[in-house]
Amino acid sequence: MPSRLRPTAPIAADAVLVGDPGRALLLAQELLEEPKMSNHARGLWAYFGATAAGGELTIQATGMGGPSAALVLGDLAELGVKRAVRVGTCLGADANAALGDLLIVGEAVAQGGSAASLGVEPGTAVAPDPGLTGQLRSELGSAGKLVSVMSVDAHPAEHTADSAVAAIDMQTAPLLARATSLRIELAAVLIVSEVERGTASLEKENLEELERRAGRAASAVLSG
């Protein structure tokens, strides 16, 4: 039995991963026909259902930060997940990453103990699954930018990124490292919800619309 999740509905082989349980609910309503809650243990809300394309999909909240996300992914692997797309938020750290941008992760540079605990030394880049990443690029077209990001263990606004990365988040590098060890195909698309130093952030309505857009792209990729 998984250590964190207590599923009450089937778990699909394909999953969309989000940090926030509220985002899991939002995407379940957007992407699934007659969604069923499949987990509420520990506040890690998850939903299962069929997509409009006819495939089965799980939408799973992973909690905040790399350690929680890596543990949840381990449970999902035990429950049969084979492919996943992370839909998350990030802090823009580059002049080319504007508020509201959709960033497709081409690599995630690990900075923090959560990635190190998975065998990724600080400063090392972790790559996503190339097939899923290429499909995300095709699905989002000009709306998505392929970038390097940096993953940290504290709030992104407390860190300064080097010039090689466009954004900072708290989960992508540990998730990619864990996915590799579990042999799960994983890609990530991030929404720039804040700009560097937290000087501006997206309004709730704008963020939710971008979450839906990114979620639709993730679902289409996993249905392909």
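User: If buried means under 20% relative accessible area, exposed over 50% and partly exposed in between (1.4 Å probe, protein chains only), how many of the five residues of E3 are buried?

Analyst: Four of the five are, so strand E3 is largely enclosed by the rest of the structure. This is a predicted model, where local features need pLDDT of at least 70 and side-chain atom pairs count only at pLDDT 80 or more, while totals for chains, interfaces and linings use all residues. Numbering starts from 1 along each chain as its sequence is written, and side-chain values use heavy atoms, without hydrogens or water.

User: Thanks! Which strands does E3 pair with, E2 first?

Analyst: E2 and E3 run antiparallel and share four bridges; pairing takes at least two DSSP bridges. E3 is also joined to E4 by five bridges, again in the antiparallel sense. Strands here are DSSP runs (E, at least two residues), as are helices (H or I, at least four), numbered from the N terminus.

User: What stands opposite Tyr47 of E3 on the E2 side?

Analyst: Met37 is opposite Tyr47 there. On the E4 side, Tyr47 has Ile59 as its bridge partner.

User: And the hairpin turns: which residues take a positive phi?

Analyst: In the E2 and E3 hairpin, with six residues between the strands, Arg42 has a positive phi near 60°. The hairpin of E3 and E4 has five residues between its strands, and there Gly54 takes a positive phi near 95°.

User: Switching to helix H1, which of its residues are buried?

Analyst: Arg23, Ala24, Leu26, Leu27, Ala28 and Leu31 are the buried ones. They pack against strands E1 (14-18), E2 (33-39), E3 (46-50), E4 (56-61) and E5 (83-92), plus helix H6 (204-223).

User: Why is Leu25 missing from that buried group?

Analyst: Leu25 sits in H1, which covers residues 21-31, but Leu25 counts as partly exposed because its relative accessible area is 31%.

User: Last one, Lys82: buried or exposed?

Analyst: Lys82 counts as exposed, because its relative accessibility is 52%. You'll find Lys82 in the loop between helix H2 (66-78) and E5.

User: What does Lys82 touch, leaving aside its neighbours within four places in sequence?

Analyst: Lys82 is in contact with Ala13, Arg183, Ile184 and Glu185, where contact means heavy atoms within 4.5 Å.

User: And how far apart are Lys82 and Ile59 in space?

Analyst: From C-alpha to C-alpha, Lys82 and Ile59 are 13 Å apart, with a separation of 23 residues in sequence. That's the Ile59 that partners Tyr47 from E4.
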